[in-house]
Amino acid sequence: MCATVAPGEEPPSMVWGLDPIFTAFARLYVKDILDMRESCQVPGIYFYNSHPIYKVDVVGTVVYKRERDDFFCYGVDDGTGVINCLCWKKEQWREQGDPGGSKSTSGAQGGFNPVTELKKLKQAQQSSARLEIGELLRVRGRVKTSRQQREIMASTYYKVNDPVMAVQIAWMMEVPQLYRQCYNKPLQLQSNATGGSAISRLTQATHVLKDFLKEKVVTKFRPYDVQDLLQPLVSSQPQTASTDQEPVAGPSAGQQLRQLLQEALQILQDEGTVFRKVKSQDEVYHVTAQDKDLLMAVKDVIREDSRREKYVEKGCHILHILSAVRQRYSPNVSKAALQLVLKSLECNSDIISTSDSHYTMF
């Protein structure tokens with residue numbers, strides 16, 4: 001079985017490593033970094049929605065600067081809040097009287113001088129680490145609390161040259177997706193070995209079906225078309241019983257296979273990967289990404305309704321699009337399937353998202 005950790009609870013420290021976010025630099029908003037609560041088990045570990053976090057990745061504008069002999073202290077604003085970033089200077093930058101900077105090293109006239117080129121590289125590195133107010137900074141490092149204030153101890157930091165705001169736009173598109181797909185989902189833990197093996201097998205079955213649908217570019221299928229793909233995952237070992245007990249009849253291999261297929265298909269439907277256009281005894285599943293009629297129906301709804309006065313400014317809300325698609329195309333289209341279609345259309349520049357939930361077309 002799978003146990004879900006509630007957002008307000010703190011999981012035991014021995015299972016923190018099971019969360020992939022724990023070992024990654026979490027791309028959180030500054031506001032959330034400032035609001036994270038510190039662990040009562042291990043100082044220096046913080047929790048966002050039950051996910052253990054101790055290092056982050058932030059991009060923002062420098063709004064405050066303080067320099068000391070050993071470090072820079074930058075106040076970084078990402079639009080949600082301001083956090084202090086402690087950026088240590090490299091040891092070689094603090095050295096005085098570096099022999100590499102001597103004038104006598106310019107003996108090779110008109111040729112390649114390794115000392116001069118090394119000095120230029122060193123100056124370029126120093127320039128990328130020395131920022132002024134208003135410039136864009138990317139910083140990675142550990143989160144710590146000093147004098148009751150949250151700050152970042154940088155392990156890597158540099159000035160971002162972004163004249164056309166391409167980096168900032170890419171960042172603003174990627175971070176909300178990470179929140180939806182990772183950070184805002186509660187941590188799930190396996191409660192026992194039996195449940196873990198069942199979950200593992202179901203996960204494998206889901207991946208097998210996804211890989212098959214993608215590789216073969218399947219548009220629609222029936223369950224018996226893909227049932228044999230899961231046959232290797234079904235254990236054919238007979239159940240053993242002691243001599244003192246009567247043998248207990250368990251599910252057959254065929255029953256296990258059908259049950260596994262049913263659960264895997266349900267997961268694909270919940271994720272929006274597949275959907276049933278018409279629910280009948282003849283189970284036909286349509287692959288969302290390959291359903292051209294669904295894509296056209298979504299585009300037609302956005303094209304027509306975004307011209308209406310009500311939706312001209314912000315565009316059509318996703319729930320409005322979902323309702324219209326269900327009326328025009330199929331009442332069984334799920335919100336998850338629609339989100340996949342909208343993402344595909346946006347990647348192809350067929351539509352434009354004006355917010356997390358509104359879409360329009362020009």
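Which residue in the turn between strand 6 and strand 7 has a positive phi? Hold that thought for a moment.

Quick housekeeping, everyone: this is a predicted model, where local features need pLDDT of at least 70, side-chain atom pairs count only at pLDDT 80 or more, and totals for chains, interfaces and linings use all residues. Residues are numbered from 1 along each chain as its sequence is written, and side-chain values use heavy atoms, with hydrogens and water left out.

Okay, back to the turn. It's glycine 79, with a phi of about 100°, and the hairpin of strands 6 and 7 has 4 residues between them. By strand I mean a DSSP run of E, at least two residues, while a helix is H or I, at least four, and both are numbered from the N terminus.

Strands 6 and 7 run antiparallel, joined by 7 bridges; pairing takes at least two DSSP bridges. Aspartate 77 faces valine 82 in strand 7, and threonine 61 also stands opposite aspartate 77. On that other side, strand 5 makes a hairpin with strand 6, with 3 residues between them, and 6 bridges join this antiparallel pair.

So how covered is strand 6? Of its 7 residues, 6 are buried, meaning under 20% relative accessible area with a 1.4 Å probe, protein chains only.

Now the largest nonpolar core: it has 33 residues, and Tyr74 and Ile53 are among those with the most contacts inside it. Such a core is a set of buried Ala, Val, Leu, Ile, Met, Phe, Trp, Tyr and Cys residues joined through side-chain atoms within 4.5 Å. Strands 5, 6 and 7 are among the elements that each supply at least two of its residues.

Methods
Buried < 20%, exposed > 50% of the residue type's maximum accessible area, 1.4 Å probe, protein only.
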